[in-house]
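Work through the exercises below with the sequence and the model open. Try each task before reading its solution.

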Amino acid sequence: MTAVGIDAIEIWTGKLKLDLAETFAPEKGEDPEKYTKGLGLHASSFPDAHEDIVTMGANAAKRLMERKGLEPEDIGRIDVATESAFDNSKPVSTYIAGCLEQVYDGDFHHANKGERKFACIAGTQSLDDAYNWIKAGRNRGRAALVVATDTALYARGDPGEATQGAGAVAMLIDEDPNLVELSTEQGYGSADETDFLKPNQQFPSVDGKRSMQVYLARMREALEDFESVSGDTHPDDFAYIPFHTPFPGMVRKAGLLGYRHMIRDTPVEEELAEEIGFQPREENFEDRESYEEAIRDHMDDLSSTEAYRDWYAATVEPTLSISREVGNWYTGSVHIARASALKTAAEEGIDLTGQKLLVGSYGSGAQAEIHAETVADEWEDEIEALNIDDQNDARYDLDFEEYEKVHDRHNHDKTIEMEDFTVPDGEFVFTGRGRMNERL
Ligand code: CAA
């Protein structure tokens, strides 16, 4: 059977940076460590006034196509995943294809285009759609382009403001992939939830604390569903576990949940029992509340064991390096987590070929998906081609007044003139006239 998966990726960050410790915390009267240690974030990538989901997605896709030597005729499908769409009818992929057609001789008239929406999990859903399209044999030898692009902005004063971010991840899905092969092993946890909504509004309405509980509940369900297909998982089965990362502090909780689940009834649990006891069993408690309290205590104990700390440092921590510097990218977030892990492995000279990743995607509203991937032969070359560190270093460091101004501009404050912002050359930009991002 032909392997299908991610052949290559490109990451495009918003051009501005909001430093959380230096710039944000003093204005909010908060201890900087609330952000750097509590949430685990150093900075947010912020979109400049000439950037939006189309320009960032098109710039990522153009770089990907150039690097891989692709022409429009090589792409049979373009899907965009976003929760920042501005058009309820025309998919963002048509805008992105329109941008790309400005720089290629050919066009994408033959390509199927669409837009996927289910909050942050939509990037992974688009990946699944592309995989299924190729596996069904409908691709006629062509590859799929999946673009996850978002401006993850919150109202000023909302607790989510500290977790903002903006950027795009373009992924080429193809047969015999260079980066990772997707597997058929997949599990879901899905329920109708209202903790994070954007009904016809620019910024989301969020019940932040509840959203964290929903994330963990759906992720646990997805892991159980995954195991119904794959059989029991063990923490050492996977080289890395990239999770959806709204902020690294959330992943700290997801990692602990995953580890507790995976060691249950295994020799690892038996070994740890001498130190912290066995996991509480629900049947031994009179009510759910006392069981949950016992689980919380157990997890606190588990999180301080050497076994857990070593596992987390090796398997989850490396997935967070890019996210710490850029914040939440919604649909792109789990895909930069995968890239962070592979990038760390490349930098540390770890040979990953043939090793497994367990990818935990999540979208509010709410759904989690867990699936397995196998790292492909050419992964290192693909990862070394990324220039995300250079892009991050080149971002303009906003002061707080500048941040407020550009934030207002993204909230459609027309009193702030576009002329006040510098327009970069050589890339797609939003000019404000229609949506012709044509300045190259
Ligand atoms: N030093 C070290 N740590 C500190 C600290 C200090 N001085 N002050 C606080 N902290 C810690 C807190 O203990 C807490 O950590 P724990 O949760 O591990 O206890 C952490 O810093 C955050 O502090 P608060 O809980 O007080 O922060 P908050 O209430 O202001 O905001 C939030 C947190 C509610 C998650 C908020 O950022 C938010 O609403 N974010 C948007 C929603 C979100 O991202 N939800 C995640 C799940 S939903 C999802 O994943 C989809 C998505 O992409 C949005």
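**Exercise 1. Which residue in β13 stands opposite lysine 17, and how is the sheet around this pair ordered?**

Step 1. Lysine 17 stands opposite aspartate 397 in β13. Helices (H or I, at least four residues) and strands (E, at least two) are DSSP runs, numbered from the N terminus. The model is predicted: local features need pLDDT of at least 70, side-chain atom pairs count only at pLDDT 80 or more, and totals for chains, interfaces and linings use all residues. Residues are numbered from 1 along each chain as its sequence is written.

Step 2. Strand β2 (residues 16-19) and strand β13 (residues 396-397) run parallel and are joined by two bridges. Two strands pair if DSSP finds at least two bridges between them.

Step 3. β2 also pairs with strand β3 (residues 43-46), in the antiparallel sense and over four bridges. Here leucine 18 has serine 44 of β3 as its bridge partner.

Step 4. The order in this open sheet of three strands is β3-β2-β13, with mixed pairing. β3 and β13 each have a single partner strand and stand at the edges, so one side of each is left without a neighbour in the sheet.

**Exercise 2. Describe how α1 packs on the sheet and against α2.**

Step 1. On the sheet, α1 touches β2 and β3, and its direction makes about 60° with that of β2. Axes are lines fitted to C-alpha atoms, for helices over the stretch in contact, and angles run from 0 to 180 degrees between N-to-C directions.

Step 2. Helix α1 (residues 20-28) packs with α2 at an angle of about 125°, and the axes are 7 Å apart. That makes α1 oblique to α2. Angles under 35 degrees count as roughly parallel, over 145 as roughly antiparallel, 65 to 115 as roughly perpendicular and the rest as oblique.

Step 3. From α1, the contact uses Leu20, Ala21, Phe24 and Ala25; from α2, it uses Pro32, Tyr35 and Thr36. Two residues are in contact if their C-beta atoms, placed from the backbone, lie within 7 Å.

Step 4. Of the residues in this contact, six are nonpolar, one is polar and none is charged. Ala, Val, Leu, Ile, Met, Phe, Trp, Tyr, Cys and Pro count as nonpolar, Asp, Glu, Lys and Arg as charged, and the others, Gly among them, as polar.

**Exercise 3. Are alanine 119 and histidine 412 buried or exposed?**

Step 1. Most residues other than glycine have a negative phi, and most peptide bonds are trans.

Step 2. Alanine 119 has a positive phi of about 45° and is found in the loop between β5 (112-116) and α5 (122-135). Alanine 119 is buried, with 22 other C-beta atoms within 10 Å. A residue is buried if 20 or more other C-beta atoms lie within 10 Å of its own, exposed if 12 or fewer, and partly exposed in between; C-beta atoms are placed from the backbone.

Step 3. Histidine 412 has a positive phi of about 65° and lies in the segment after α15 (400-410). Histidine 412 counts as exposed, with 8 C-beta neighbours inside 10 Å.
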